[in-house]
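Biologist: Could you take a close look at one part for me, the pairing of charged side chains, and then work outwards to what surrounds it? I would enjoy one connected account rather than a list.

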Amino acid sequence: MILSEESTESQSLESLASQTHQCFSKQDHYKVGCAIILLLQQADLLPKPCQRLAAITLLHDLYRGESMAMNPFATVFIHLLHHPEETSKGSVRKLEYAGQLPRLSAVEKNFLAQLITNPTKELLKKTPGQILSSDMGLFHNVDITSIQLALAERQSELPHTSRSGIPVILPDNEMRIGSVSLFPEQSIAKKTAEALLVGQKPIVEQCYKPEFLRLVPPIHSCEDELVWLNATEPSEHKAAYDITMCVSNCEGVEAKRLMARAFKGALTLQQQQHLLAELENDPKLVYHIGLTPSKLPDLVESNPLIAIEVLLKLMQSSHITEYFSVLVNMEMSLHSMEVVNRLTTTVDLPTEFVHLYISNCISTCETIKDRYMQNRLVRLVCVFLQSLIRNKIINVQVSTYKYTTHSYISVSLQRTRTYWSIRNLTFISMEKYYSILNDNIYFKLTYTLLIPN
Amino acid sequence: MVNQISKMAEKEAETEKAKSEAPAQPVISDQEKDWAQAALTEFNRNNYSSCLQHLVKLEAARPQDTKVAHNKAIVEYYKSDLKKTDQFRKNMNFVCGQAHVNIEDVDSLEDVEHCVIYYNQAVLLYHLKQYSTALKIMHKIFSFIEPMEESLAHCVCLLLLELQLCMHQPDKTLALVTYVENQFVVSTDSVISSEKEIKSLEKEHKEMKPVTGDAATDTFRLKLLQYRARCYLMMHALKACKREIKNLITAGGPTLTSVLLKGNLEYQRGNYRKAMKVINSIPQSSLSFKDLGESAPVFYYSDMGCIHHYMGKPQLACYYLQKALQENEMATKSLPKAEQAEPYSGRPLYTLGSNKSYELMYNLGVTLLHARCPIKAFDCLTEAVQVYHMNPRLWLRLAECCVMAHKAENESDFNIHMRRKDLVQGVVGTGTHRKIILTPQLSKDTKYSCEGQSFAIPVATVEFACLCLRNALLLLPDSQPEDPVSLPAPHSTDVPAITPSPSSHYVYAAPSNPLGPHEVASLRCSVLALSAYVALCLGDYMVALDHAQMLLVQPTLSGVHRMLGHLYAAEALVLLDKISEAIEHLNPEHVKELSLMFPSSEKDMDRDKMDIGTEQHKPLRAWFPNTLPTARAVIQYNLAVAFAIRGELDKAGETLKQVWMSKGQGCDVPIHVIMLALYIELQLDFMKTGFMRCYGGIFHVFCYTWSYTG
């Protein structure tokens with residue numbers, strides 16, 4: 001132990017320092033410094049002024065060559081120089097090592113001040129004993145304010161929490177002061193110091209910081225979390241026997257065959273009648289003959305009559321809307337119009353459907369390139385509309401206008417000389433404007449344009 | 001590649017051809033019709049051998065008829081008591097090949113004739129618990145429900161309903177039940193053309209009595225009633241459910257199913273004693289586990305466990321649940337063991353999915369957690385989470401286990417008598433060199449770990465809790481709906497449930513019932529609070545602050561969570577060196593009440609207050625601090641800590657003094673107070689004089705501890 005009583009009295013500070021450097025590598029210097037401070041704090045462990053002086057020197061020597069402000073133990077020196085009780089009381093202080101550091105004599109202080117500000121070789125050549133006995137009380141008041149400022153700056157960068165720790169060691173000698181011999185025993189001191197410095201988690205490294213009380217949150221509380229097991233009767237879901245086996249499929253077969261043909265081309269009158277009769281006999285057969293919405297356009301084009309009958313039979317199906325939407329979106333033709341027309345007269349069609357269909361017809365009329373076909377289609381639309389209005393399928397009272405679409409229509413109406421039908425139209429309603437509403441597109445048939453000059 | 005495509009195209013063309021040719025089979029002769037009729041009769045009489053004889057004759061006469069081949073496979077399967085499942089699958093694959101049906105691709109289903117094949121596939125998948133695949137098939141089949149032959153249609157409806165309930169979709173199921181009732185039960189001929197009519201039908205439904213119909217329709221109707229009741233239970237629509245169950249019991253008498261449903265109803269209403277009485281009346285059944293595929297004792301013990309859990313008796317609940325697990329194991333063991341080559345054979349089909357161990361594990365885990373056995377609970381829940389990893393609440397429970405294993409509760413910190421010895425960790429040296437070593441830390445819940453081990457391995461640590469909580473947060477929906485929450489009106493739909501309702505308020509939480517909006521909100525609060533706590537324990541202050549702040553802005557915040565939000569936010573802020581912000585959070589006025597649950601508005605909707613049990617609102621586990629003064633003392637103590645850390649020792653001392661003074665009846669203070677007092681004194685260097693005078697009381701305790709330890 002370098003700081004033992006004997007060695008500190010006899011050896012020079014320089015040789016003590018070099019011994020320290022030999023014993024500990026650079027990485028351990030911080031730990032060594034902490035240990036020295038601990039010994040300094042516990043006055044009983046380092047009783048002699050020589051030891052104290054040597055300790056301070058070593059502490060300084062550990063970080064020799066670096067600027068004072070960077071020395072991790074700079075605060076210690078400041079505190080040693082300005083003992084808290086001498087400075088103003090009650091102010092907010094840097095607390096890291098305060099309170100328990102020993103009070104230094106004037107000689108020691110002067111030595112320290114010199115050490116910090118202006119270390120000289122000669123100073124370190126002496127033994128601690130020599131320094132203590134020498135009269136160095138002459139150069140007082142060394143200016144250390146610059147170092148203090150640098151330190152304060154560096155400390156303020158640290159968060160408050162890391163500045164708030166205190167060591168966990170509390171001296172317990174006061175209560176027994178009378179009973180125990182006043183002579184400090186070297187061996188016990190050594191043991192105590194070892195107990196404090198050595199170990200898995202040495203006490204010297206521990207510190208107490210004010211700690212928050214962190215409450216554990218309550219267990220989440222809720223209702224109906226556990227699984228209530230209900231009987232699900234899994235044995236009731238069994239594989240199913242196909243009871244339609246060999247039952248009545250022979251007619252269905254023929255119907256299916258005819259239907260498949262009907263998608264591809266017109267059936268003969270006889271075939272049509274046969275198919276319709278079979279459908280009539282078995283109301284469920286319509287679902288079995290292989291008609292899907294995607295196949296409907298083919299059927300409409302090839303066999304509109306069958307398509308009408310089939311659709312009428314499918315009216316109760318929940319899929320009828322799918323068939324409708326296919327019908328609305330298919331290419332406009334005489335046949336499709338015929339089918340829709342028949343449907344409107346037989347069943348209640350959703351009004352949106354009718355409106356959508358009309359608007360589709362109109363846009364087809366507008367976009368078609370072939371002039372002849374256009375004329376034909378427009379005429380068809382007019383007949384169709386006339387029929388719708390006559391049957392009160394659509395309500396011409398509703399007047400909503402959109403300008404862009406109507407003129408073209410009107411013009412093409414004129415061109416195709418379909419006045420007669422339009423005339424009839426105008427007679428049905430006394431309104432000046434006939435407008436037909438649909439969901440997306442409004443169009444208007446302008447009265448003035450309809451009546452030819 | 002090109003080759004492959006052309007081959008595929010060829011194949012497709014072939015299939016197409018085959019399909020169009022398929023109907024062109026020889027016309028069915030009268031003899032064949034007779035055989036078919038006889039086979040059906042024998043099948044219905046469960047005489048599978050003689051049925052098979054007829055089918056063999058038929059097969060010889062009509063080798064190309066897929067329906068004959070199909071039925072032969074079915075009858076052979078029935079003849080084996082539904083045990084030769086693997087063989088059945090092979091046969092069915094063969095039938096599929098013959099019928100040019102691709103069983104894997106449900107979208108290719110176009111012909112109503114093939115529905116039965118797909119249905120049988122879905123039945124298999126259902127029993128193998130592959131619910132989502134089965135459900136997909138059933139949705140497709142359901143689009144052919146109208147042309148379908150009626151008895152098959154009934155089966156299809158029931159299986160679809162069951163699957164939807166298995167997937168915890170009560171709102172969709174309810175819509176489907178209504179649709180099915182209108183289609184098949186009320187009157188098959190009635191035309192649905194307008195919504196109005198449906199509504200009136202709905203009204204009729206309530207007064208509907210079993211007037212007409214044969215036995216088959218009656219059972220079908222009963223089944224629908226059961227499904228309706230299960231939907232309502234799942235949605236906590238208890239009033240509607242009560243009516244349904246009453247109908248069910250009047251019409252069908254007490255059966256295992258209806259008794260359990262009734263027990264479930266009483267249990268959900270909080271009438272635990274009544275629920276217990278109800279389940280004790282489970283009728284004795286002659287049918288065994290092997291016949292039913294489910295075991296009544298498992299149900300009984302498990303449900304008893306649930307009841308006791310919510311009666312606040314976790315130990316008893318654990319006992320019942322363990323009993324249920326035993327019964328479950330016994331039932332499973334009673335079945336012959338499956339062989340390696342044919343894993344699904346040897347046992348009847350409907351017992352394949354009969355193992356309830358995951359549900360039971362979940363129940364037991366939650367109960368053990370409440371019984372304060374976090375490690376055991378953790379083990380159970382890690383079992384359950386392998387199957388139910390989409391359940392946010394289950395992840396929270398896992399995290400709670402970890403945290404409980406880490407720090408069991410708060411109360412011991414307030415037991416000064418017990419904990420004072422923790423102030424001093426030891427004494428070093430003797431004589432003049434004697435030193436007292438104080439504790440560096442009173443709380444043991446901070447853990448900055450830098451071990452390199454992966455925390456994805458489930459161990460009950462705080463790190464794993466952190467992972468669990470992240471999962472829980474991800475599984476909760478982002479934002480709560482702004483509009484006032486309402487249950488989907490149970491009777492207002494005419495659409496068959498093919499199109500799912502776009503916005504469901506319910507959050508999936510299998511194996512529990514789906515979480516209602518209120519529970520989702522309260523779950524989110526709990527997850528956030530625990531996340532903040534765990535982040536603080538791990539030293540992750542930014543994250544802790546985020547969670548705490550998020551917690552504080554939740555609309556349905558309970559008193560306890562509000563207080564915790566402030567405490568956690570303050571601690572995180574101090575550690576982030578924002579002490580003034582922290583001090584704002586540490587105002588004791590922030591705590592106004594200490595409720596554990598946000599008052600629910602939802603309950604008024606459906607529960608008539610008259611018959612709700614009294615145990616309803618009491619949380620299962622009391623929480624400490626349980627008095628307002630104690631809670632405020634905690635906040636004030638933390639305020640003192642914040643002052644002390646900022647170096648304002650006078651303020652800290654003053655605050656701490658207030659805390660110490662408030663100690664007394666109904667107000668406990670934590671042990672930390674003494675340590676902080678000591679700290680302030682040491683810092684102020686008043687060791688000899690001021691300390692004794694100001695904090696005489698505390699110092700006394702300290703001295704006591706001192707000599708006690710020394």
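Modeller: Happy to. Let me start inside chain B of this predicted model, with B:Arg230 and B:Glu162, which are both buried. Their side chains meet in a salt bridge, with N and O 3.2 Å apart. B:Arg230 belongs to helix H11 (residues 215-235) of chain B and B:Glu162 to helix H8 (residues 150-166) of chain B, so this pair ties together parts that are 68 residues apart in sequence.

Helix H11 of chain B holds another pair to look at. There, B:Arg221 forms a salt bridge with B:Asp218, and the closest N and O atoms are 3.6 Å apart. These two residues are separated by about one helical turn, because they are three residues apart in that helix. How buried or exposed is each partner? B:Arg221 has a relative accessible area of 13% and is therefore buried, whereas B:Asp218, with 30%, is partly exposed.

Other salt bridges share partners: A:Glu225, B:Arg393, B:Arg397, B:Glu400 and B:Glu519 are joined in this way into one network. One link in that network is the pair A:Glu225 and B:Arg393, whose side chains meet at 3.7 Å, N to O. A:Glu225 sits in the loop between S3 and H11 of chain A, and B:Arg393 is in helix H20 (residues 392-406) of chain B, so the pair joins two chains. A:Glu225 counts as buried because its relative accessibility is 1%. B:Arg393 is buried too, with a relative accessible area of 1%.

That brings us to the boundary between the chains. How many salt bridges does the rule find across the interface of chain A and chain B? There are five, while a search of the whole structure finds 25 over all chains. Another bridge between the chains runs from B:Lys223 to A:Glu233, with N and O 2.9 Å apart. The rule also finds 33 residue pairs in polar contact across the interface of chain A and chain B.

Which elements of chain A each bring at least two residues to the side that touches chain B? They are strand S2 (169-171), helix H10 (186-197), strand S3 (207-208) and helix H11 (249-264). Of these, H10(A) gives the most, with five residues. Charged residues are part of a broader mix here: by class, this side of chain A has 45 nonpolar, 22 polar and 18 charged residues.

The loop that carries A:Glu225 has another residue for us, as A:Ser221 also lies between S3 and H11 of chain A. A:Ser221 touches B:Met597 and B:Pro619, leaving aside residues up to four places away in sequence. At 16% relative accessibility, A:Ser221 counts as buried, because the cut-off is under 20%.

Stepping back to the whole boundary, 85 residues of chain A are in contact with 162 residues of chain B. Interface size is often given as the accessible area lost when the parts come together. For chain A and chain B the buried area is about 11200 Å², and carbon and sulfur atoms give 60% of it. A:Phe212, A:Arg214 and A:Trp228 supply 9% of the area that chain A buries against chain B, more than any other three residues.

Here is the setting that chain B provides. Its secondary structure comes to 32 helices and two strands, and 54% of its 710 residues are buried. Among contacts in chain B between residues at least 6 apart in sequence, 68% join residues at least 24 apart.

Finally, a word on the backbone. Most residues other than glycine have a negative phi, and most peptide bonds are trans. B:Asn46, however, has a positive phi of about 65 degrees, and lies in the loop between helix H2 (30-44) and helix H3 (48-61) of chain B. A cis peptide bond joins B:Ala510 and B:Pro511, with omega about 5 degrees. B:Pro511 is in the loop between helix H22 (462-475) and helix H23 (517-537) of chain B. Another cis bond joins B:Phe624 and B:Pro625, where omega is about 0 degrees, and B:Pro625 lies in the loop between helix H27 (602-606) and helix H28 (628-646) of chain B.

Methods. Residues are numbered from 1 along each chain as its sequence is written. Chains are lettered from A and ligands numbered from 1 in the order in which they are written. This is a predicted model: local features need pLDDT of at least 70, side-chain atom pairs count only at pLDDT 80 or more; totals for chains, interfaces and linings use all residues. Side-chain values use heavy atoms; hydrogens and water are left out. Helices (H or I, at least four residues) and strands (E, at least two) are DSSP runs, numbered from the N terminus. Buried means under 20% relative accessible area, exposed over 50%, partly exposed in between (1.4 Å probe, protein chains only). Contact means heavy atoms within 4.5 Å. Buried area is the accessible area (1.4 Å probe) that two parts lose on being put together, summed over both. A salt bridge is a side-chain nitrogen of Lys or Arg within 4 Å of a carboxyl oxygen of Asp or Glu. A polar contact is a pair of N or O atoms within 3.5 Å; within protein, one must be able to donate a hydrogen and the other to accept it, and residues adjacent in sequence count only if both atoms are side-chain atoms. Ala, Val, Leu, Ile, Met, Phe, Trp, Tyr, Cys and Pro count as nonpolar, Asp, Glu, Lys and Arg as charged, and the others, Gly among them, as polar.
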